[in-house]
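Before turning to the details, it helps to have the chain open in a viewer and to follow the text with the helices labelled. The paragraphs below move from single loop residues to the packing of helices and then to the interior.

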Amino acid sequence: MSKTIERAPDERVNWLGSAPFILMHLLPLGALFTGVPWVAWIVMAVLYFGRMWFITAGYHRYFAHRSYKMGRVMQFLIALGGSTAVQKGPIWWAAHHRHHHKHSDQENDIHSPKRGFWWSHMGWILCRKYDATRTELVPDLMKYPELRWLNKYWIVPQVALIAAVFGLGLLLTGGAIVPALGILFVGFFLSTILLSHTTYTINSLSHVFGRRRFATSDTSRNNWMLALITGGEGWHNNHHHYQGSTRQGFRWYEIDTTYYVLWVLSKLRLVRDLRQPSERALNSRLIKQGAPDIGTFDKYWARAVKALHHTSDLAIEKKQQLAELYAATLARLEEIARETPTEPAA
Ligand SMILES: [Zn+2]
Ligand SMILES: [Zn+2]
């Protein structure tokens with residue numbers, strides 16, 4: 001069963017603008033011709049996990065959610081690290097992410113999987129519509145000129161990192177260009193492609209596969225596998241429930257490596273005021289205690305209606321009654337959800 005989703009002209013893939021990113025997917029194949037020195041795999045792991053950390057700890061938990069604090073120099077260094085990950089500038093990233101939390105899975109959510117899996121994964125990045133930074137959502141970040149500069153010229157640290165990896169390759173191979181290119185293809189380009197797609201899974205897969213502990217108005221899930229490859233971002237239902245927490249793995253077994261590194265940095269006094277989920281947040285809106293789960297209500301309702309269709313051909317007036325019942329039930333669920341607030345988000 002597939003349904004075609006209409007896209008506005010500015011929501012279609014901007015082939016010209018996206019060409020560098022799309023073509024980048026082919027560059028790791030260059031390693032087939034150059035060979036891959038073993039050190040390339042080390043560079044790949046360092047650049048994958050290192051840059052993932054800058055995105056999760058920096059772009060996401062700090063710039064988008066301000067879930068902990070740090071000084072201005074540290075703030076710049078973390079933004080600089082994030083801007084080497086081919087995910088545009090910190091202010092652009094944070095602004096779009098704040099918008100996602102504000103409108104999760106609603107009509108105007110930028111990357112809801114309800115608008116198609118590929119759309120949520122990368123379609124929204126490849127179109128023109130979201131090129132601009134939504135500055136109105138990030139006045140707290142716009143006041144720093146150094147962040148505004150990085151937001152505009154994120155390509156500079158990007159190119160600098162490519163040059164540095166190639167230079168390191170030349171250094172390690174005694175100036176031999178071909179194996180140095182092998183290090184670049186795998187160390188930089190393969191890690192970048194993997195990093196991009198695992199980050200995107202948080203917008204796509206983690207709103208589709210996994211368990212829901214908390215009733216939220218969106219479709220977010222907790223998924224341990226995604227948590228392992230994204231440094232803890234796979235605890236996405238926890239995160240949508242209480243975005244103000246620096247820590248996203250709420251239980252001891254919910255591995256959240258981004259948080260562990262931040263915890264070490266806090267002991268070194270490089271960052272401070274890491275936020276934990278409060279007792280109240282941990283114990284509110286639990287689905288197993290019967291909290292009405294608006295996020296999955298649509299899915300179960302659609303299933304029930306489909307089953308009805310199966311058993312009898314519904315008359316028009318019955319369909320009308322069902323639509324009214326749907327609206328009334330949803331309104332009541334929203335009312336109940338409002339009566340059991342968690343905590344202010346940030
Ligand atoms: Zn978030
Ligand atoms: Zn989400």
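A residue is called buried here if 20 or more other C-beta atoms lie within 10 Å of its own, exposed if 12 or fewer, and partly exposed in between. The model is predicted, and this cut-off can be tried at once on Lys88, which is found in the loop between α4 and α5. With 20 C-beta neighbours inside 10 Å, Lys88 counts as buried, and its backbone has a positive phi of about 65 degrees although Lys88 is not a glycine. A second non-glycine residue with a positive phi, of about 50 degrees, is Arg66, which lies in the loop between α3 and β1 (69-70). Because Arg66 has 17 C-beta neighbours inside 10 Å, this residue counts as partly exposed.

As for the overall layout, the chain is divided into domain 1, covering 9-208, and domain 2, covering 288-339. The C-alpha centres of domain 1 and domain 2 lie 39 Å apart.

Helix α13, residues 257-267, is a useful place to look at how burial is arranged around a helix. Which residues of α13 are buried? They are Thr258, Tyr259 and Leu262, and, seen down the axis of α13, these buried residues fall within an arc of 90 degrees, so they line one face of the helix. An α-helix has 3.6 residues a turn, so residues three or four places apart point the same way. On the other side of α13, Val264 and Lys267 are exposed. The cover over the buried residues of α13 includes α3 (38-64) and β2 (271-272), and just after the helix Arg269 takes a positive phi of about 65 degrees.

Two packed helices are described by the angle between their axes and the distance between the axes. For α3 and α13 the angle is about 80 degrees and the axes are 9 Å apart, which makes α3 roughly perpendicular to α13. In this contact, α3 contributes Trp53, Thr56, Ala57 and Arg61, while α13 contributes Thr258, Val261 and Leu262.

Thr246, whose place is in the loop between α12 (236-241) and α13, brings several of these elements together. Thr246 is buried, because 24 other C-beta atoms lie within 10 Å. Leaving aside its neighbours within four places in sequence, Thr246 is in contact with Arg61, Ser67, Tyr68, Tyr259, Leu262, Leu274 and Arg275. One of these partners, Leu274, is 28 residues away from Thr246 along the chain, yet their C-alpha atoms are separated by 5.7 Å.

A further pair of helices to examine is α5 and α8, whose axes come within 7 Å and cross at roughly 90 degrees. These two helices, α5 and α8, are therefore roughly perpendicular to each other. The residues that meet are Pro90, Ile91 and Trp92 in α5 and Leu147, Arg148, Leu150 and Asn151 in α8.

In soluble globular proteins, nonpolar side chains tend to be buried together. The largest nonpolar core of this model has 45 residues, and those with the most contacts inside it are Ala94 and Leu184. At least two residues of this core are supplied by each of α3, α4 (72-82), α5 (90-102), α8 (145-152), α10 (177-201) and α13, and the largest share, 14 residues, comes from α3. Leaving aside its neighbours within four places in sequence, Leu184 is in contact with Val165, Phe166, Gly169 and Phe189. Apart from this core lies another, of 6 residues, among them Leu205, Leu226, Trp235 and Phe250.

Two more helical residues can be set side by side. Met44, in helix α3, is buried, with 24 other C-beta atoms within 10 Å, and, again leaving aside neighbours within four places in sequence, Met44 is in contact with Val186, Gly187, Leu190 and Ser191. Is Ala163, in helix α9 (residues 155-172), buried or exposed? Ala163 is exposed, because 11 other C-beta atoms lie within 10 Å.

Technical notes. Residues numbered from 1 in each chain as written. Chains lettered and ligands numbered in written order. Predicted model: local features only at pLDDT ≥ 70, side-chain atom pairs only at ≥ 80, totals over all residues. Domains from an automatic or database assignment. Helix = DSSP H or I, 4+ residues; strand = E, 2+ residues; numbered from the N terminus. Arc of directions from axis to C-beta. Contact = placed C-beta atoms within 7 Å. Core = buried A, V, L, I, M, F, W, Y, C linked by C-beta atoms within 7 Å. Axes fitted to C-alpha atoms, helices over the stretch in contact; angles between N-to-C directions. Parallel < 35°, antiparallel > 145°, perpendicular 65-115°, else oblique.
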